[in-house]
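Visitor: I am new to this structure and would like to take a close look at a single part of it. Could you show it to me before I ask?

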Amino acid sequence: TKDQTRDQAKEIALKEAKTGQIIGYDLDYEYGKLVHEIFILDGKLEKEYNIDAQTGTFSHEDIETEHD
């Protein structure tokens, strides 16, 4: 299996988010797996999508409301 690239992970996250723009990226380990963390701003919501770096599987979404 070919590892997912950062660009591929961004495409997966944007597809999951449906709207918004990428504002950040990080590569991190979660639960022993390497994941791409993609941060997307959608209006006043900041969404974080975790994409498994090996399989390209979308694994987690966090949504935070922007505080004024």
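Visitor: Leaving aside its neighbours within four places in sequence, which residues is V35 in contact with?

Guide: This is a predicted model, and what follows should be read with that in mind. Once the neighbours within four places in sequence are set aside, V35 is in contact with D26, L27, D28, E30, I51, D52 and A53. To see where these contacts come from, it helps to place the residue first and then to walk outwards from there.

V35 belongs to strand 2, which covers residues 33-42. With a relative accessibility of 4%, V35 counts as buried, because a residue is called buried when that value is under 20%. Strand 2 is one of four strands that make up an open sheet, arranged in the order 1-2-3-4 with antiparallel pairing. Strand 1 (21-30) and strand 4 (58-65) stand at the edges of this sheet, and each has a single partner strand, so one side of each is left without a neighbour there. On average, and with direction ignored, neighbouring strands are turned by 20 degrees against each other. Helix 1, made of residues 6-17, packs on the sheet and touches strand 1, strand 2, strand 3 and strand 4, while its direction makes about 50 degrees with that of strand 2.

On one side of strand 2 lies strand 1, and the two run antiparallel, joined by nine bridges. One of the pairs is Q21 with L41, the latter being its bridge partner in strand 2. These two strands form a hairpin with two residues between them, and in the turn Y31 has a positive phi of about 55 degrees, although Y31 is not a glycine. Whereas V35 is buried, Y31 counts as exposed, at 85% relative accessibility. A second positive phi in a residue other than glycine is found at K18, where the value is near 75 degrees; K18 sits in the loop between helix 1 and strand 1 and is exposed as well, with a relative accessible area of 70%.

Further along the sheet, strand 3 (residues 45-52) runs antiparallel to strand 4, and seven bridges join them. I51, which is among the contacts of V35, stands opposite F58 in strand 4, while N50 has H60 as its bridge partner in that strand. Strand 3 and strand 4 also form a hairpin, here with five residues between them, and G56 in the turn has a positive phi of about 80 degrees. As for the distance from V35 towards strand 4, the C-alpha atoms of V35 and D62 are separated by 14 Å, and the two residues are 27 apart along the chain.

V35 has one more role in the picture, for it helps to line the largest pocket, together with E30, Y31, K33, N50, D52, T57, S59 and H60. Strand 2, strand 3 and strand 4 are the elements that give two or more residues to this lining. About 160 Å³ of space lies in the pocket, and its lining has two nonpolar, four polar and three charged residues. Two of the lining residues, E30 and D52, are also found among the contacts of V35.

Methods: Residues numbered from 1 in each chain as written. Predicted model: local features only at pLDDT ≥ 70, side-chain atom pairs only at ≥ 80, totals over all residues. Heavy atoms only, no water. Pairing = 2+ DSSP bridges. Axes fitted to C-alpha atoms, helices over the stretch in contact; angles between N-to-C directions. Contact = heavy atoms within 4.5 Å. 1 Å grid on protein atoms, 1.4 Å probe; cavity = no way out; pocket = protein on both sides within 12 Å on 5 of 7 lines; lining within 4 Å. Points joined across faces, edges and corners; volume = space filled by probe spheres on them. Nonpolar A, V, L, I, M, F, W, Y, C, P; charged D, E, K, R; others polar. Buried < 20%, exposed > 50% of the residue type's maximum accessible area, 1.4 Å probe, protein only.
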